[in-house]
Amino acid sequence: MLTPEQNDRLTLVGPGTPMGELMRRYWQPIAGVSEFNENPTKAIRLLGEDLVLYKDEGGTFGLIDASCAHRRVNMLWGIPEPKGLRCSYHGWLYDETGQCLEMPAEPGDSTFPSRVQLKAYPVETLGGLVFAYLGPQPVPLLPHYYPFVEEGRVRSIGWTVVTCNWLQIMENSLDPIHAEYLHGYFSKYALQRVGLLKHRGDIYGKRPPEENEDFGPYWRKAGRTMRHISASTSRFEHGILKHRWLEGEEKEESIGWRYGHPILFPNLESGTGGHDFQIRVPMDDTHTYYVYYQSHWPREGENPNQREDEIPVYHVPIAGVDEWGQPIWEQLDNNSGQDHFAWTSQGPRTRRYLEKLGQSDIGIILFRRMLLEQMQIMEDGGEPMNVFRDPAKNDIIWIPFDRMDDETIVGKTAIPKNPDRHAEGMSTGSSGKFNTLNLEYAKRIGATLPPPFPKSAKTTVEVSPG
Ligand code: FES
Ligand SMILES: [Fe+2]
């Protein structure tokens, strides 16, 4: 059990906090490139700092302080110029380094602009995402993990804001057993509640035949969970591997057991499709920018290798309760919605000093230890793990994952042995239901479409402080 002080150390992310400083050693995704095709500015809250990300008319991205240096008007309303962003109030112009270039109301020969510098951070784009680095110099390399850079695939990006601290979301990734209940038994209960399933059966039962009838090819998955015979974790150079040996598998042949499922330090989880990520970016102590990053082998009619500004960005509604405090069941027929309420109902920043951990929580304990250990390394002046500095190793970073046997890697391409399965299997926590590429594909092939999506909950679960 943790003390309240240890809980603070692990969860608080503002400037000057130990975890905030550790998180600042890593590039963090903050937006999708194609969002800027329509809107040139976006408000960003990252590690407790309020910033504005903009794309100027020259195509350069900048991440600057949200408040203008003059009289604090928010730069979200800024005007993109050929170079830089101009404040809407009195026209001060800033470039991507935060340097003030113009002050229209000051005398023409004034040196004042050269002496005004707004806070600014480096940004880079990769795989259709804009990443930011808020840490000390020298800036490390932005890691070229394979889903961002591999060739021959189609990419898409979903996002939402989860109203809780980032760590309880990451801990969910180190907790394989929740899949049996939350995504198994509870999932069937949720389908019962919306009238799609008559009987929820037992925890591990296969789906009754009637359940399969009206379900689309990808957008609803439920109740097909296998019991873990054994679940364990191991460390590897990029983080933690989650090993699962499931009922019905031979241990030696179980790829989930042999390869494991990777959690990349400090805040990425590989999706079940193998070429997907779920990324949990701390916005502040009680909000998390959540990215569902997908890359899949092209299906009929799809164009691989999109330009970055062609990679679609979609919203994933956040699950919660209605205005009368009841769960909105329509949001809970998919893994993403189920995870949302589980995380947020633990409280905005869960009180770990009240928990009771058992044997099955061993992965969570390992992850906390790893975070504390890496924080200590950083505080002692060292470099924490999984920071990349060698360009020769950053062309493409392949990570072993639990479907590797299904593919052959040639150069920067992972060729699926069964392309159909790989295209159909695209998933990051079943947020695929909201993916615009999936909806377009389903229409093209005449598949059943999901009903209209419920809106994000007005409130998330705040029935207890967690
Ligand atoms: S407040 Fe921005 S220019 Fe005056
Ligand atoms: Fe989950």
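In this predicted model, strand E14 (residues 239–246) and strand E15 (residues 261–264) run antiparallel and are joined by four bridges. One of the pairings is easy to pick out: lysine 242 has histidine 261 in E15 as its bridge partner. Both strands belong to an open sheet of eight strands with mixed pairing, and the order across this sheet reads E13-E14-E15-E16-E17-E18-E12-E19. Strand E13 (228–236) and strand E19 (313–315) form the edges, each pairing on one side only. On average, and with direction ignored, neighbouring strands of the sheet are turned by 20° against each other.

A further antiparallel pair is made by strand E20 (residues 407–410) and strand E21 (residues 413–416), again over four bridges. Here threonine 408 finds its bridge partner in isoleucine 415 of E21. The two strands, E20 and E21, form a hairpin with two residues between them. A helpful landmark in the turn is glycine 411, which has a positive phi of about 60°.

Beyond the hairpin, attention turns to lysine 433. This lysine 433 sits in the loop that lies between helix H10 (419–424) and helix H11 (436–444). Is lysine 433 buried or exposed? Lysine 433 counts as buried because it has 23 C-beta neighbours inside 10 Å, where 20 or more are needed for that label. Valine 316 offers a useful point of reference for this loop residue: 117 residues separate valine 316 and lysine 433 along the chain, yet their C-alpha atoms are separated by 8.9 Å.

Technical notes. Residues are numbered from 1 along each chain as its sequence is written. Chains are lettered from A and ligands numbered from 1 in the order in which they are written. This is a predicted model: local features need pLDDT of at least 70, side-chain atom pairs count only at pLDDT 80 or more; totals for chains, interfaces and linings use all residues. Two strands pair if DSSP finds at least two bridges between them. Axes are lines fitted to C-alpha atoms, for helices over the stretch in contact, and angles run from 0 to 180 degrees between N-to-C directions. A residue is buried if 20 or more other C-beta atoms lie within 10 Å of its own, exposed if 12 or fewer, and partly exposed in between; C-beta atoms are placed from the backbone.
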